[in-house]
Amino acid sequence: MALLLLVLVGQGRALAAKETTEQQPDSMELHASLLVVSPGKIFYTMLGHCSIRMMAYSEKDTLDYCYTLECDAKENMLDYLRFVSGKVRAHWMAVPTDTFLIPYEKIHRAVTTYELPYSYEEKQQLWQRLDDAYVSQKDHPFNYLTTNCTHGVIDMLCQGNPPRITIEETSEMSKLLNGELARQVSERSPWMQFLLITMMGREADRHWPVVKRATPKQLPEMLKGRVADSEGNERMIAARDL
């Protein structure tokens, strides 16, 4: 599957490289979107999950993949301990979208799509970043609070000079300390609240940088994209509005 992906992506890129910018949108249609998965019942799924979906359509090929930062934890006590202690590693995976959605459909976890306001060239650049991360198979430290799937997605999306997409807290979030925010996002699970506050320790009374405070559920409200109207005037729009 990995080899097939590399071949198909390579073909798509070779085709795009041969064509002018004006011709590319007609020859290969690209879409980039944020996927947000609702929380699950297993410990390390209780805050939900997010990934990036990339789609390309042309007369020759159709590609539809979800790029997801996945940890190597299993559902056993040893991996629970590794997970809590921050010893779990993660890497980027490229999964056909149909395959990616199957396990969530089986356990009735909702998946919401938010189209991202990138230009054609920016979509190509995003795909390049994701593909490079997947091919490298580089391991990343995975911490439930500070380096998780949400932070991986933010890092991939908020690049550029200036970036097309940025992240900022909502006015409600900005008023909450870390502990207060943790209680809010885990309000349906008292034991989860206890665990999060315990893991935070003294950090519960502080206010982390915005990236570290994001969760999959909150991400659509926090992502802001620059889009231009019919007269070329730019404005900011939330991913949830797309």
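1. Let's start with the term you'll need most: a salt bridge is a side-chain nitrogen of Lys or Arg within 4 Å of a carboxyl oxygen of Asp or Glu. The background is simple: side chains of opposite charge can pair when their charged atoms come close. Searching the whole structure turns up four salt bridges, and I'll walk you through some of them.

2. A quick word on what you're looking at. This is a predicted model, where local features need pLDDT of at least 70 and side-chain atom pairs count only at pLDDT 80 or more, while totals for chains, interfaces and linings use all residues. Residues are numbered from 1 along each chain as its sequence is written, and side-chain values use heavy atoms, with hydrogens and water left out.

3. Have a look at Arg53 and Asp64. They form a salt bridge whose closest N and O atoms are 2.6 Å apart. This pair links distant parts of the chain: Arg53 belongs to strand β2 (residues 49-57) and Asp64 to strand β3 (residues 62-71), 11 residues apart. Helices (H or I, at least four residues) and strands (E, at least two) are DSSP runs, numbered from the N terminus. Both Arg53 and Asp64 are buried; buried means under 20% relative accessible area, exposed over 50%, and partly exposed in between (1.4 Å probe, protein chains only).

4. Next up is Glu169, which pairs with Arg213 in a salt bridge, the closest N and O atoms being 2.3 Å apart. Here, too, distant parts of the chain are linked: Glu169 sits in the loop between β7 (165-167) and α7 (171-174), Arg213 in the loop between α9 (190-200) and α10 (219-222), 44 residues apart. Why does Glu169 count as buried? Because its relative accessible area is 18%. Arg213 is buried as well, at 3%.

5. Stay with Glu169 for its other neighbours. Its side chain also has a polar contact of 3.4 Å with the side chain of His207. (A polar contact is a pair of N or O atoms within 3.5 Å; within protein, one must be able to donate a hydrogen and the other to accept it, and residues adjacent in sequence count only if both atoms are side-chain atoms.) Leaving out residues up to four places away in sequence, Glu169 touches Ser174, His207, Val210, Arg213 and Met222, where contact means heavy atoms within 4.5 Å.

6. Finally, check Arg206 and Glu203. Their salt bridge has its closest N and O atoms 2.5 Å apart. Arg206 is partly exposed, with a relative accessible area of 45%, and Glu203 also counts as partly exposed, at 24%.
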